[in-house]
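Please look through the structure below before reading on. The text then goes from the whole chain to its core, its helix pairs and a few single residues.

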Amino acid sequence: MPRDLDLRHVISPAVRDLIELANLGDFDRTREQINRLRGCTRPINLVGHTTTRDHTTGETIRSYSTSDEPTGRLLTTCGNRRASRCPTCSRLYAADTYHLIRAGLSGGKNVPETIRTHPRVFLTLTAPSFGPVHNRPTTKDGKPQPCRCGTRHPDSAPELGTPLSPKTYDYTGAVLWNAHASALWARFTLNLRRTLAANFGITQKDMNAALRISFAKVAEYQQRGLVHFHAVIRFDGPGGHTSPPPAWASADHLLRAIKPALKRTTLTVVSDTVGDREIGWGKRFKVDEITALGDGELTDKAVAGYIAKYATKSAEDSGTVDRSLVCRTCSGRGTVGGRIRELCPDCEGTRQAEPLRDLPVHQHVRQMIRTAWDLGGLPEFADLKLCKWAHMLGFRGHFSTKSRAYSTTLGALRDVRRAWRLAQADAARIRAGHSVPAPDTVLVTESSWAYLASGYRPGEELLANQTRHDINQAQRRKHEGLEPA
């Protein structure tokens, strides 16, 4: 009697798992979940249920339970903004950031179109020099010039941004500047308001009653490992984007006030170990007026696209790693246990998740990481948490921020998408012959959710790869004009 063939040694674990998924039943629902994630790299696995009822009649309007899923769980997107971690979710974050910035420049998303008449400028701020580095200088007409080392470096040269003399480079100053960059921005916005009030010849209190300064900014890492900021700064009335600024406030006032505000913006870092240091902005900055939509080079659309591009980037674009270097087992303490403490078995007391000397980074980046780690061990810098942010080269601020009255919020954009999905669900109920609640119906929702894990099963990873491939192919055809947008 012939025996069944055992194919486990020739079929990959992913394919075997895919076959198991198909045998669970309702394979189309499993594919639907994967497709809905649009290729998210590491989705969140949840278990639980939710039920929405009419408060008056007790009728169940919507209900869902993961027990009805073929795999017994719900997959939802990770929501990571960093392109290095999840390209899919980062594209959505970049799109939301684009609409947020664009709404504050030309209206939309509950922002009136009159916003484009408000004076606004685009500002780029850089860090000071902590020592000469390899670069690609150009003349005013854009012709490339040799570096200080005498070489004309290509765009992809690994030495770009690294010190000409590593022994004399001020690594301590560079790390401390990154650590205080966000505080320096906050101090600059305060000094800008003071400078504007002085230029207008009024008190700050009177200026705040008639004029409001709104902004949106993103941080970007330079090749030398230091952050710099791109920002939109705008004049509003006292009500923010809903009210126009006074006629006597123009873009020229913003342009004239920024330089003196930058010069007076400094922070003093006190340390008995490395000495006191004064931190300020670099000498090189650029500020230009943003023109109306479709008029000139620096338009609303161009600025919004430029800022959104950097919203999904992180420190790894400067050559560092995108993970924390603090040992998770001991939380960076180096020891474990209660009253009797022992060396952490994973880091052996180094407090590091992996040895800094083994990081696959350039020597310049490794030295910045090591400097941040060493400074993080000093008591005067404990509040900076430099060990936790050593992989970010000391920078611990948010990559994109805005003032409250600039435009809409990322949360509001997510709420719109959620409302759209609910409307789609109600439309499906109507097509199925069910009734939907009236707009003034009071609904009560009961939910219970628990985190289960992160990531895909091996078979689901195959389906996710196919989803990513299909999306990339569709985008390529759209870009090449092979199919309508």
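A residue is called buried when its relative accessible area is under 20%, exposed when that area is over 50%, and partly exposed in between. By this rule R351, with a relative accessible area of 23%, is partly exposed. The place of R351 is in the loop between β11 (342–343) and α8. The model in which R351 sits is a predicted one.

Consider the chain as a whole. The protein chain has 485 residues, and 42% of them count as buried. Its secondary structure consists of 10 helices and 13 strands. The C-alpha trace spans about 85 × 60 × 60 Å along its principal axes. Of the contacts in the chain with a separation of 6 or more, 71% are between residues 24 or more positions apart.

The buried part can be examined through its nonpolar cores. The largest nonpolar core has 66 residues. Which elements each supply at least two residues of this core? They are the strands β4 (120–125), β5 (212–221), β6 (227–236) and β7 (266–269), together with the helices α4, α6 and α8 (363–376). Helix α4 gives the largest share, 14 residues. Within this core, F188 and I233 are the residues with the most contacts.

The surroundings of I233 can be listed. Leaving out residues up to four places away in sequence, I233 touches P119, R120, V121, L123, W185, F188, L192, I213, S214, F215, L254 and I258. Another core, of 19 residues, lies apart from the largest one, and L100, V232, V303 and A304 are among its members.

Next come the helix pairs. Two packed helices are described by the angle between their axes and by the distance between those axes. Helix α4 (residues 171–200) packs against helix α6 (residues 251–263) at an angle of about 125°, and their axes are 8 Å apart. An angle over 115 but not over 145 degrees falls in the oblique class, so α4 is oblique to α6. The crossing of these two helices is right-handed. On the α4 side the contact is made by F188, N191, L192, T195, L196, N199 and F200, and on the α6 side by H253, L254, A257, I258, P260, A261 and L262. By class, the residues of this contact are 10 nonpolar, 4 polar and no charged. F188 of α4 therefore appears in this contact and also as one of the two residues with the most contacts inside the largest core.

Helix α4 has a second partner, α8. What angle do the axes of α4 and α8 make where they cross? The angle is roughly 70°, and the axes come within 9 Å. Angles of 65 to 115 degrees count as roughly perpendicular, which means that α4 is roughly perpendicular to α8. Y171, T172, A174, V175, L176 and N178 of α4 meet H364, Q367, M368, T371, A372 and L375 of α8. This contact has 7 nonpolar, 5 polar and no charged residues.

Some loop residues complete the picture. I290 is in the loop between β9 (285–289) and α7. Is I290 buried or exposed? Its relative accessible area is 3%, so I290 is buried. Leaving aside neighbours within four places in sequence, I290 is in contact with L105, R120, V121, F122, V232, L298, T299, D300 and V303. I290 and V303 are 13 residues apart in sequence, and their C-alpha atoms are 8.1 Å apart.

T41 lies in the loop between α2 (27–37) and β1 (44–54). At 32% relative accessibility, T41 is partly exposed. Not counting residues up to four places away in sequence, T41 touches R85, C86, P87, Y456 and R468. The C-alpha atoms of T41 and C78 are separated by 7.8 Å, and these residues are 37 apart along the chain.

The last point concerns the backbone angle phi. Most residues other than glycine have a negative phi. S331 is not a glycine, yet has a positive phi of about 55°. S331 is found in the loop between α7 (300–311) and β10 (335–336), and counts as partly exposed at 49% relative accessibility. R351, the residue introduced at the start, likewise has a positive phi, near 70°, and is a residue other than glycine.

Notes:
Residues numbered from 1 in each chain as written. Predicted model: local features only at pLDDT ≥ 70, side-chain atom pairs only at ≥ 80, totals over all residues. Heavy atoms only, no water. Axes fitted to C-alpha atoms, helices over the stretch in contact; angles between N-to-C directions. Helix = DSSP H or I, 4+ residues; strand = E, 2+ residues; numbered from the N terminus. Parallel < 35°, antiparallel > 145°, perpendicular 65-115°, else oblique. Left-handed = near helix turned anticlockwise from the far one by under 90°. Contact = heavy atoms within 4.5 Å. Nonpolar A, V, L, I, M, F, W, Y, C, P; charged D, E, K, R; others polar. Core = buried A, V, L, I, M, F, W, Y, C linked by side-chain atoms within 4.5 Å. Buried < 20%, exposed > 50% of the residue type's maximum accessible area, 1.4 Å probe, protein only.
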